[in-house]
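Thank you all for making the time this morning. I would like to take you through one structure, at an unhurried pace, and you are welcome to stop me as I go.

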Amino acid sequence: MLIPAHGSPSAGRSTAIRRHLLAERRAILARVARTEHEIRTLGAHVESDDADEAQEETRTALLLRLDDRARRELEAIDAALERLHRHTYGICIACGGRIGADRLAARAATDRCIDCARAAG
């Protein structure tokens, strides 16, 4: 269980959560760097023509989507770290209720309980 029923995580548990969030952050950055390298490497081995230009546009669009998704994930992790620091980690930002331990275990950076997340779409 990530959060005790009575309040914020203990100091030891906060450290474990922080380490987990930071590990997730490093993994996202590594994934983005690896994917960008792979996409750019593919593009470097192709001679230029109209089809290749279309492929380059596709690669660029893919990188932009990847960067946007990674940016959102990193922002969520940074926000979770801030909530942990402020002792509000595990409290839903929408309703103020507790976020379930199972949900936090599955998505450590989540900021909403399952009901509010469903309502938000």
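I will begin with the overall fold, then turn to the pocket, the cysteines and one loop residue.

Please keep in mind throughout that what you have in front of you is a predicted model. The secondary structure comes to 4 helices and 0 strands, and if you read along the sequence the pattern is α-α-α-α. The chain has 121 residues, and 27% of them are buried. If we take the contacts with a separation of 6 or more, 52% of them are between residues that lie 24 or more positions apart. As for the surface, the chain exposes about 8000 Å², and carbon and sulfur atoms supply 54% of that area.

Now to the largest pocket, which holds about 400 Å³ of space. Its lining is made up of 15 residues, and those that lie nearest the centre are Arg72, Glu73, Ala76, Arg107 and Ala109. Two elements, α1 (11–44) and α2 (50–85), each give two or more residues to that lining, and the largest share, 7 residues, comes from α2. What is the make-up of this lining by class? We find 7 nonpolar residues, 7 charged residues and 1 polar residue.

Let me move on to the cysteines, where a biochemist will naturally ask about disulfides. How many disulfides does the count come to? The count comes to 0. Cys92 is in no disulfide, and the nearest cysteine sulfur to it, that of Cys116, is 3.7 Å away. In general terms, a disulfide is a covalent bond between the sulfur atoms of two cysteines, and the cut-off applied here is a pair of sulfur atoms within 2.5 Å. For Cys116, the closest cysteine sulfur is in Cys113, at 3.6 Å, and that is too far for a bond. As to their surroundings, Cys92 is buried, with a relative accessible area of 3%, and Cys116 is also buried, with a relative accessible area of 16%.

Finally, I would point you to His87, which sits in the loop between α2 and α3 (101–106). Its phi is near 65°, a positive value in a residue other than glycine. Is His87 buried or exposed? His87 is exposed, with a relative accessible area of 55%.

That is where I will stop, and I am glad to go back to any part of the model.

Definitions and conventions: Residues are numbered from 1 along each chain as its sequence is written. This is a predicted model: local features need pLDDT of at least 70, side-chain atom pairs count only at pLDDT 80 or more; totals for chains, interfaces and linings use all residues. Side-chain values use heavy atoms; hydrogens and water are left out. Buried means under 20% relative accessible area, exposed over 50%, partly exposed in between (1.4 Å probe, protein chains only). Contact means heavy atoms within 4.5 Å. Accessible areas come from the Shrake-Rupley method with a 1.4 Å probe; for residues, only the protein chains shown count as cover. On a 1 Å grid over the protein atoms alone, a cavity is a set of points where a 1.4 Å probe fits but cannot get out, and a pocket is an open set with protein on both sides within 12 Å along at least five of seven lines; lining residues have an atom within 4 Å of a point. Grid points are joined across faces, edges and corners, and a volume is the space filled by probe spheres set on the points. Ala, Val, Leu, Ile, Met, Phe, Trp, Tyr, Cys and Pro count as nonpolar, Asp, Glu, Lys and Arg as charged, and the others, Gly among them, as polar.
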